[in-house]
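Student: I should like to learn how to read the features of a predicted model. May we take them one at a time, beginning with a supersecondary unit?

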Amino acid sequence: MNKREELYSKINADIRAQKPRMAICYDFDKTLSPDDMQTFTLIPSFGIDKDEFWGSSNKLAKDNLMDNNLAWMHELIRYSEFKSKSLKREYFRETGADIKLYRGVKTWFKRMNDYAEKKGIELEHYIISSGLKEIIEGSEIAANFKRIYASTYLYSADGVAKWPAQAINYTNKTQFIFCIAKGFLEEYDERVNDSMPEEKLRIPYENIVYIGDSATDIPCMRLVKSKGGYSIGVFDPVKDNRSKVYQLFNDGRLSFYAPADYSSNSEISKFMKQIIDEISAKESIKTECKILKQPAEAFKMKKSIEDISKAYPGKMSAKEKRELNSLTEALESVIPGNIE
Ligand SMILES: [Mg+2]
């Protein structure tokens with residue numbers, strides 16, 4: 001192996017050692033859990049029925065042209081004041097422990113991480129939910145997520161919920177897909193609006209999967225799918241109501257639909273493994289292209305310098321010509337093979 005080939009074999013080894021990343025983004029309510037997260041403990045703790053709570057919350061939203069999330073956040077505070085029961089951050093976390101999850105969810109993350117690892121992919125998981133961040137943080141699966149994007153309150157100094165800090169719904173769910181792709185994970189990072197070329201993305205859009213169950217997920221499903229990623233619509237395996245997923249699939253919003261059963265032989269496990277296989281295959285082609293690009297780029301630069309020298313022969317001093325020649329020679333020294 002000559003010097004040039006040795007240099008490229010080192011560069012190529014570096015390129016091959018870079019592990020491609022992939023992200024799965026999940027809605028929470030009715031995607032990972034069979035009901036809204038507030039209904040397991042929080043709403044019953046006020047001594048009210050969940051239908052009564054959602055009825056009054058949705059009516060408040062409708063009567064006042066209000067966002068549905070801001071309405072339930074307001075209603076939780078109103079009920080807590082009415083019942084003289086302050087809503088503390090810790091209490092929300094405690095109620096998170098009672099959240100029920102769909103079959104197989106608890107073991108899903110490790111199974112998928114292990115499969116991705118075998119295929120040379122680093123897999124990350126994110127929540128993008130309209131529900132409450134603190135409740136999800138209290139759930140037994142919280143540690144699996146690199147980041148939980150969800151609605152949240154502004155708390156007083158003694159930790160009591162006072163005012164909505166984030167209300168996440170529909171199209172504003174999509175901003176977090178951009179955060180994840182660009183690697184600006186903080187909610188307040190304005191760099192998320194800056195343009196970023198595809199090859200600079202921390203996670204390419206085509207390596208992003210979005211899983212959701214309802215209308216609030218449509219903007220994310222659409223965004224991810226239109227950028228070459230994958231979206232999966234899930235439905236409750238017991239209720240088996242598939243009208244939403246059929247509609248979403250017909251409207252071109254979904255790559256796949258499946259029951260929300262995440263156990264090892266489930267349909268969604270099978271689909272996710274196929275997605276991981278495809279991403280892994282695409283990534284190995286991208287890696288080979290990157291390797292081929294290195295000497296070809298050096299060759300292109302050499303040609304450009306030669307073109308400049310030829311275009312302005314009279315305008316260049318002897319010193320400038322010598323400098324351009326040495327630049328051309330330096331480039332030739334790193335281009336393997338015969339290029340005469
Ligand atoms: Mg949902």
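Tutor: In this predicted model, strand 6, helix 9 (residues 243-250) and strand 7 form a β-α-β unit, and its hand is right-handed.

Student: In which sense do strand 6 and strand 7 pair, and over how many bridges?

Tutor: Strand 6 (residues 230-235) pairs with strand 7 (residues 256-259) in the parallel sense, over 4 bridges. Within this region, Val234 has Ala258 of strand 7 opposite.

Student: How should one read the setting of a single residue? Is Ser130 buried or exposed?

Tutor: One counts neighbouring C-beta atoms; 20 or more others within 10 Å make a residue buried. Ser130 has 24 other C-beta atoms within 10 Å and is therefore buried. Ser130 belongs to strand 2 (residues 122-132).

Student: Which residues does Ser130 touch, leaving aside those up to four places away in sequence?

Tutor: Ser130 touches Asn69, Ser151, Ile168, Asn169 and Thr216. Leu70 lies 60 residues from Ser130 along the chain, with 10 Å between their C-alpha atoms.

Student: What of the chain overall: how many helices and strands are there?

Tutor: The chain has 11 helices and 7 strands. Its radius of gyration is 27 Å, well over the 20 Å that the globule rule gives for 340 residues, so the chain is more spread out than a compact globule. The C-alpha trace spans about 90 × 45 × 35 Å along its principal axes.

Student: What percentage of the 340 residues is buried?

Tutor: Buried residues account for 33% of the 340. Of the contacts with a separation of 6 or more, 60% join residues 24 or more positions apart.

Terms used. Residues numbered from 1 in each chain as written. Predicted model: local features only at pLDDT ≥ 70, side-chain atom pairs only at ≥ 80, totals over all residues. Helix = DSSP H or I, 4+ residues; strand = E, 2+ residues; numbered from the N terminus. Rg over C-alpha atoms; globule rule 2.2 N^0.38 Å. Buried ≥ 20, exposed ≤ 12 C-beta atoms within 10 Å, placed from the backbone. Contact = placed C-beta atoms within 7 Å. Pairing = 2+ DSSP bridges. Right-handed = clockwise from strand over helix to strand, strands pointing away.
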